[in-house]
Amino acid sequence: MSSLKPSEIVEELDKYIVGQHNAKRSVAIALRNRWRRQQVPDDLREEIAPKNIILIGPTGVGKTEIARRLSNLTDSPLIKVEASKFTEVGYVGRDVESIVRDLVELTVNNLKVREQESVQIKARENAEERMLDLLLPPTGTTPAAAPDPAVDRPFDPQPETVTADPSATREKLRKLLHSGKLDQRTVDLEVADKSVPMVEVFSNMGMEEMGINFKDMLGGLLPKSTKRRKIKVPEAMDLLAQEEAQGLVDMDRVVKQAVEKVEQDGIVFLDEIDKIAGKHSGTGPDVSREGVQRDLLPLVEGSTVTTKYGPVRTDHILFIAAGAFHTIKPADLIPELQGRFPIRVELSSLGQAEFYRILTEPKNALLLQYLALLRTEGLEVIFTDDTVREISRIAEEVNNSTENIGARRLHTLMEKLLEDILFDAPDMDTEKVEVDVAYVNGKLKDIIENEDLSRYIL
Ligand SMILES: Nc1ncnc2c1ncn2[C@@H]1O[C@H](COP(=O)(O)OP(=O)(O)OP(=O)(O)O)[C@@H](O)[C@H]1O
Ligand SMILES: [Mg+2]
């Protein structure tokens, strides 16, 4: 669990997200409260429920981005779901518990990969020994005594090495392996045969909804299909190391850790929550919307979900809901759900000042991304300060005149602005291109002045 102070969390979020100070503060407090809860005596600890949050704000102002960065920053498992998907035709009654199942699945996989990485060194050592076994003739027989033309013995020991100590031969071979001299050789290896994915057919039929994993069930019954293949030594080393890594990871422990991590640190990001709120008129889609809210309630209030990794309690999972709430207000949610989301934060819509900062300040700023991409072509693109201000101004203008899509407008603008350079970069004789205000206007002016055109192109 992350022990970052709220101020530290905000400081980290500031590196990626411009403004939205209130939202950053709220999520930082929620995260810190979880850490605090861990320090509280046992009996009380169980009683303390997370203070869930509703992020209210128009599209493209950083709601999802805040949740994503928060999860990375604090290493909390995160799942993002559109609340509205549970109301879609054909999805009515779709089991909201699948949210938790997916989150556990995701976390198990992440932890497994991490564990596999942490045993890489040991895995490669084991793989090397197995590789030497494959390369070496079996002890006791010399190649001369048991010539097997079908086997491609990559290493033909000279007579004197055969008579010598077998372990010396092994070490000699090891050196060759390390120096890469055997890279062109092949070995015979049993590899998993992926060509019959017949079980996959079932996987989208909602089996997981019942907590049944068909593949696992059948996996034991079906013969493990493998295939003998001739493989080059380096690739075979990778395969063997992978296999060894899988063997070295203690899956029981990984599963236990994952479940605990989800229960204590998990974050569910419920997007488009406003789409499941509605006036309580009692008919039509409103019924299904309210139904989804009722379905969500036990999850948010705390219940136990059966997953294929065992029961998972949702009591301390943090729910961050988000929505634009244009015509609908949080008060239009059913009262029980409102009470479970005590923290409401509004995110501000973004204007040219923010756009300027978004283009230039964050670690992963859009402008820096384009500069880095074009640098790979040996092209240095220069944006003057005026240019960046002009792009920001245009972004705000287009957002006002067409539809306000927030910072996403910068993506469409930049792509249009740079399309020629992106296309021609590999063929340019120059090493430097300056994008100035005149260039921006040349590229974008006509489009901006024509509202219809803007709608289509930007
Ligand atoms: N305040 C901000 N600072 C930096 N980048 C931002 C900011 N707001 C949005 N962006 C960028 O804009 C894009 C969209 O943001 P995000 O996905 O967070 O939108 P959102 O608020 O979740 O919108 P929606 O309601 O449509 O889901 C992302 O690429 C994000 O990096
Ligand atoms: Mg979003």
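Two strands are said to pair if DSSP finds at least two bridges between them. With that definition in hand, the tour may begin at one such pair in this predicted model.

**First stop: Lys 80 and its partner**

Select Lys 80, and then Phe 269 in strand 5, which stands opposite Lys 80. Extend the selection to the whole of strand 2 and to strand 5, residues 267-271; these run parallel and are joined over five bridges. In general, the strands of a sheet pair through backbone hydrogen bonds, in either the parallel or the antiparallel sense.

**Second stop: the sheet as a whole**

Now display the open sheet to which these strands belong: five strands in the order 2-5-8-1-9, paired in parallel. Which strands form the edges? They are strand 2 (78-82) and strand 9 (343-346), each of which pairs on one side only. Looking from one strand to the next, the viewer will find a twist that averages 20°.

Next, add helix 2, which packs on this sheet and touches strand 1 (53-56), strand 8 (318-323) and strand 9. The direction of helix 2 makes about 150° with that of strand 9.

**Third stop: helix 2 against helix 4**

Keep helix 2 in view and select helix 4, residues 63-74. The axes of the two helices come within 11 Å and cross at roughly 35°, and the crossing is right-handed. To see the contact itself, select Ala 23, Lys 24, Val 27 and Leu 31 on helix 2, together with Ile 66, Leu 70 and Thr 74 on helix 4. Coloured by class, the contact shows five nonpolar residues, one polar and one charged.

**Fourth stop: Val 27**

From that contact, centre the view on Val 27, which lies in helix 2 (residues 21-39). Is Val 27 buried or exposed? Val 27 counts as buried, because 28 C-beta neighbours lie inside 10 Å, where the cut-off for a buried residue is 20 or more. Beyond its neighbours within four places in sequence, Val 27 is in contact with Ile 53, Ile 66, Leu 70 and Ile 320. A distance drawn between the C-alpha atoms of Val 27 and Leu 70 reads 7.9 Å, although 43 residues separate the two along the chain.

**Fifth stop: Ile 320 and the nonpolar core**

Move from Val 27 to Ile 320. Leaving out residues up to four places away in sequence, Ile 320 touches Val 27, Ile 53, Leu 55, Ala 67, Ile 267 and Phe 269. The largest nonpolar core has 88 residues, and Val 27, Leu 55, Val 268, Phe 269 and Ile 320 are those with the most contacts inside it.

**Sixth stop: Glu 12**

Select Glu 12 in helix 1 (residues 6-14). Glu 12 counts as partly exposed, because it has 18 C-beta neighbours inside 10 Å. The C-alpha atoms of Glu 12 and Leu 70 are separated by 8.8 Å, with their positions 58 residues apart along the chain.

**Seventh stop: a hairpin**

Turn to strand 6 (residues 304-307) and strand 7 (residues 310-313), which run antiparallel and are joined by four bridges. Within this pair, Val 305 stands opposite Val 312 in strand 7. A hairpin of two residues leads from strand 6 to strand 7.

**Last view: the full chain**

Finally, show the entire chain, which contains 20 helices and eleven strands. Of its 458 residues, 29% are buried. Among contacts between residues at least 6 apart in sequence, 80% join residues at least 24 apart.

Key
Residues numbered from 1 in each chain as written. Chains lettered and ligands numbered in written order. Predicted model: local features only at pLDDT ≥ 70, side-chain atom pairs only at ≥ 80, totals over all residues. Buried ≥ 20, exposed ≤ 12 C-beta atoms within 10 Å, placed from the backbone. Contact = placed C-beta atoms within 7 Å. Axes fitted to C-alpha atoms, helices over the stretch in contact; angles between N-to-C directions. Left-handed = near helix turned anticlockwise from the far one by under 90°. Nonpolar A, V, L, I, M, F, W, Y, C, P; charged D, E, K, R; others polar. Core = buried A, V, L, I, M, F, W, Y, C linked by C-beta atoms within 7 Å.
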